[in-house]
Amino acid sequence: MTPNATPKRHPTPSVRIGSVRLGAAHPVLVQSMTNTDTADVAASLRQIMELARAGSELVRITVNNAEAARAVPAIREGLERQGLDVPLVGDFHFNGHRLLADFPDCAQALAKYRINPGNVGSGQTRDESFAAMIETAIRYDKAVRIGVNWGSLDKELLARMMDANACAAEPLAPDELMHEIMVTSALESAAQAERIGLAAERIVLSCKMSGVQDLIAVYRRLASRSHYALHLGLTEAGMGSKGIVASTAALAVLLQEGIGDTIRISLTPAPGESRSGEVRVAREILQSMGLRAFIPEVIACPGCGRTSSGTFQELAQQVQDHLAEAMPRWQAQYPGVERLKVAVMGCIVNGPGESKHADIGISLPGNGENPAAPVFIDGQKAQTLKGPHISQDFIALLDGYIQQRFGQGLG
């Protein structure tokens with residue numbers, strides 16, 4: 001099949017973060033964050049491993065006190081014993097300069113430092129604290145994310161820009177002013193980091209907002225005025241479908257415009273729910289937009305009055321589960337299999353057409369149709385399945401197709 005055209009990326013430098021790189025020449029990376037007490041090495045290690053195995057390519061951890069900072073090297077060592085080299089990002093607020101200075105093993109074990117310019121002090125204290133963190137990053141050759149958040153803006157910058165706007169001949173509207181303050185905070189902090197000596201290719205910027213339109217407007221403004229690598233994410237996105245829909249709505253627009261080098265979906269998990277759900281959503285956004293491929297895509301119709309039987313729904317679920325279960329071993333065994341497209345359709349209306357467009361597809365019979373299911377492979381009808389074992393027979397054909405096509409390096 002011919003892949004869909006992908007958006008042209010906003011030009012940014014290549015940024016090395018531990019074992020991975022991000023930027024315009026590299027895929028958009030998925031990252032996530034733990035919600036464990038970092039000082040609890042065992043719990044943090046378990047969650048980082050879960051997130052990494054779900055597909056998180058960077059994992060951010062809170063470093064808020066001496067106990068957390070002391071735990072970071074042990075967490076890093078635990079990951080290495082498990083054969084996981086996922087880069088760790090230290091999330092610092094208020095006291096980051098002291099923690100990095102007091103715990104050099106922590107500073108060394110982290111691959112990137114996240115600094116919020118609104119939470120590093122004020123006046124000369126702010127400049128000194130910020131400089132200390134940047135100098136530590138330079139000393140250990142670490143990347144830095146300067147992460148502005150609209151819930152914790154630099155109060156002095158906020159007051160200065162609000163006063164200037166009030167005196168302007170054509171003052172900005174409140175929302176535009178907020179967007180400008182966010183972008184100015186990020187760019188002024190990045191310029192300060194460069195003056196201290198941190199290279200532009202070691203800097204990532206983010207401007208987190210909780211409103212979809214606000215986020216889109218801020219990142220458009222930021223991308224038009226800089227060439228730094230950008231991290232995208234709707235902060236405090238919320239729970240369940242609300243958080244998923246809002247994050248997708250915001251990030252899809254920006255990614256389609258080529259803006260963004262790494263993303264996080266900041267979902268609030270339900271009580272007892274796995275943290276890795278946000279990783280799955282991030283990967284699905286990137287795959288749906290044709291920016292990355294992680295697992296074969298299953299195309300299935302929603303069903304209608306012609307498809308009152310649940311057979312096609314059951315088969316679609318079985319195929320999807322089968323692919324997810326097999327992917328850990330297939331990734332090494334069958335390179336390229338993640339770009340496979342499988343169609344499971346419920347009736348004759350769109351079934352044959354969609355199946356022909358997929359790499360392999362099946363069109364199950366709808367109400368009143370002949371109880372037979374044609375299978376299409378590479379656009380051609382290959383055979384027709386009948387009887388009580390259609391599901392098992394189709395999965396067997398799917399496995400055989402994958403082995404024949406990708407096992408011979410033809411994918």
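How many bridges join strand β5 to strand β6, and do these strands run parallel or antiparallel? Select residues 88–92 for β5 and residues 112–115 for β6: four bridges join the two, and they run parallel. Keep in mind as you look around that this is a predicted model.

Stay on this pair for a moment and show F92 as sticks. The bridge partner of F92 in β6 is I115.

Next, widen the view. There is a closed barrel of eight strands, which you can colour in the order β3-β4-β5-β6-β7-β8-β9-β11, and its pairing is parallel.

Now turn to the helices on this barrel. Select residues 41–54 to bring up helix α1, which lies across β3 (29–33), β4 (58–62) and β5. Helix α1 runs at about 155° to β4. Then pick residues 212–224, helix α8, which packs on the sheet and touches β8 (203–208) and β9 (229–232). The direction of α8 makes about 150° with that of β8.

Time to move along the chain to another sheet. Here five strands form an open sheet with mixed pairing, in the order β13-β14-β15-β16-β17. To find its edges, select 297–300 for β13 and 380–385 for β17; each of these strands pairs on one side only. On average, neighbouring strands of this sheet are turned by 20° against each other, direction ignored.

Inside this sheet, highlight β14 (residues 341–345) and β15 (residues 360–363), which run parallel and are joined by four bridges. Show V342 here, and you will find I360 of β15 opposite it.

For a last stop, select residues 311–333. This is helix α11, lying across β13, β14 and β15 and running at about 160° to β14.

Definitions and conventions:
Residues are numbered from 1 along each chain as its sequence is written. This is a predicted model: local features need pLDDT of at least 70, side-chain atom pairs count only at pLDDT 80 or more; totals for chains, interfaces and linings use all residues. Side-chain values use heavy atoms; hydrogens and water are left out. Two strands pair if DSSP finds at least two bridges between them. Axes are lines fitted to C-alpha atoms, for helices over the stretch in contact, and angles run from 0 to 180 degrees between N-to-C directions. Contact means heavy atoms within 4.5 Å.
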